[in-house]
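I open these notes to record what I looked up in one protein structure. The entries begin with a single residue and end with the chain as a whole.

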Amino acid sequence: MGVSGSGKSTVGVTLADRLGLPFIDGDDLHPPANVEKMSHGIPLTDDDRWPWLRSVGQWLSDHPGGGVVACSALKRSYRDSIRELCPDAVFVHCDGTRELLLERMSQRVGHFMPVALLDSQLDTLETLQADEPGRAFDIAASPALITDEMIDWLRNQHEDEPGSQHP
C-alpha cells in the first residue's frame, strides 16, 4: 500500500516473484471512470473507491494460496473493506517523504496519475494502526532491500503460528 510514486508496484512485483505468488497492480482493477477522473487531475471520492476496493478484496479472496496487490489502501476504512473479503490480508506500506515521492512521480512517463494529486493522497493517507496487520517500510532504500525487509518481517510474523507455512 502507499500513495502514488511510493514504488508499491515495483516492490510488489519483486515481492510476488520472490514469494512465488501471483501479482496484480490495483490500478488494473479500477473502472475506466476512475482512471478518467484521475487522468484529469480529479481526486477520487470514497464512492468512486468502494467498487474498486471490493475488486481488490475479491482478487485476493480468489487467490487463497496468497497473492500480492499493489493498492493505495490509503484509509483504514479502505483496508477494512479489503479485509471484509479477504480477512487474512496483510498490508506492507511503502512510505516515504513528500520530496522523494514528488521526485519519483516527476520521472514517470505515461502514468495516468498526475503529480498534482500527490498532496490529496497524502492528505487522505491514514497510516497503519497498531491493531492492523501490517507495517511501514521506508522507500528510500532500493526495491531489492525493501523486499528483503518485507520478507524477513513476513516470515517473523508467522514463526510462532502452529502449522503456518512461511512465505
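**Notebook entries**

I began with Asn34, which has its place in helix α2, residues 32–39. The model I am reading is predicted.

I then asked whether Asn34 is buried or exposed. I found a relative accessibility of 4% for Asn34. Buried means under 20% relative accessible area, so Asn34 counts as buried.

I next looked up which residues Asn34 touches, not counting those up to four places away in sequence. I noted Leu44, Asp48 and Trp52.

**A residue in helix α7**

I turned to Thr147, which I located in helix α7, residues 143–158. Its relative accessible area is 0%, and I therefore entered Thr147 as buried.

Which residues are in contact with Thr147, leaving aside its neighbours within four places in sequence? I listed Val11, Thr14, Leu15 and Arg18.

**A residue before the first helix**

I looked up Ser4 and placed it in the segment before α1, a helix that spans 8–19. I recorded Ser4 as buried because its relative accessible area is 5%.

I also checked the separation between the C-alpha atoms of Ser4 and Cys94. These two residues are 90 residues apart along the chain, and I read a C-alpha separation of 9.9 Å.

**A charged patch**

I then went to the surface and asked which residues gather in a patch of negative charge. I wrote down Asp95, Asp138, Glu149 and Asp152.

From this patch I took Asp95 for a further entry. I found Asp95 in strand β3, which covers residues 91–95. With a relative accessible area of 32%, Asp95 is entered as partly exposed. The limits for that label are 20% and 50%, which is why I called Asp95 neither buried nor exposed.

**The whole chain**

I closed with the protein as a whole. How many helices and strands does the protein have? I counted seven helices and four strands. I wrote their order from the N terminus on as α-β-α-α-β-α-β-α-α-β-α.

Of the 167 residues in the protein, I noted that 38% are buried. For the accessible surface I entered about 8700 Å², with 50% of it belonging to carbon and sulfur atoms.

Last, I looked at contacts between residues at least 6 apart in sequence. I recorded that 71% of these contacts join residues at least 24 apart.

Terms used:
Residues numbered from 1 in each chain as written. Predicted model: local features only at pLDDT ≥ 70, side-chain atom pairs only at ≥ 80, totals over all residues. Heavy atoms only, no water. Helix = DSSP H or I, 4+ residues; strand = E, 2+ residues; numbered from the N terminus. Buried < 20%, exposed > 50% of the residue type's maximum accessible area, 1.4 Å probe, protein only. Contact = heavy atoms within 4.5 Å. Areas by Shrake-Rupley, 256 points an atom, 1.4 Å probe, with all protein chains shown as cover. Patch = residues over 30% accessible without salt bridge, like charges linked within 9 Å, V, L, I, M, F, W, Y side chains within 5 Å. Salt bridge = Lys/Arg side-chain N within 4 Å of Asp/Glu carboxyl O. Lys, Arg positive; Asp, Glu negative; His and termini not counted. Charge placed at Lys NZ, Arg CZ, Asp CG, Glu CD.
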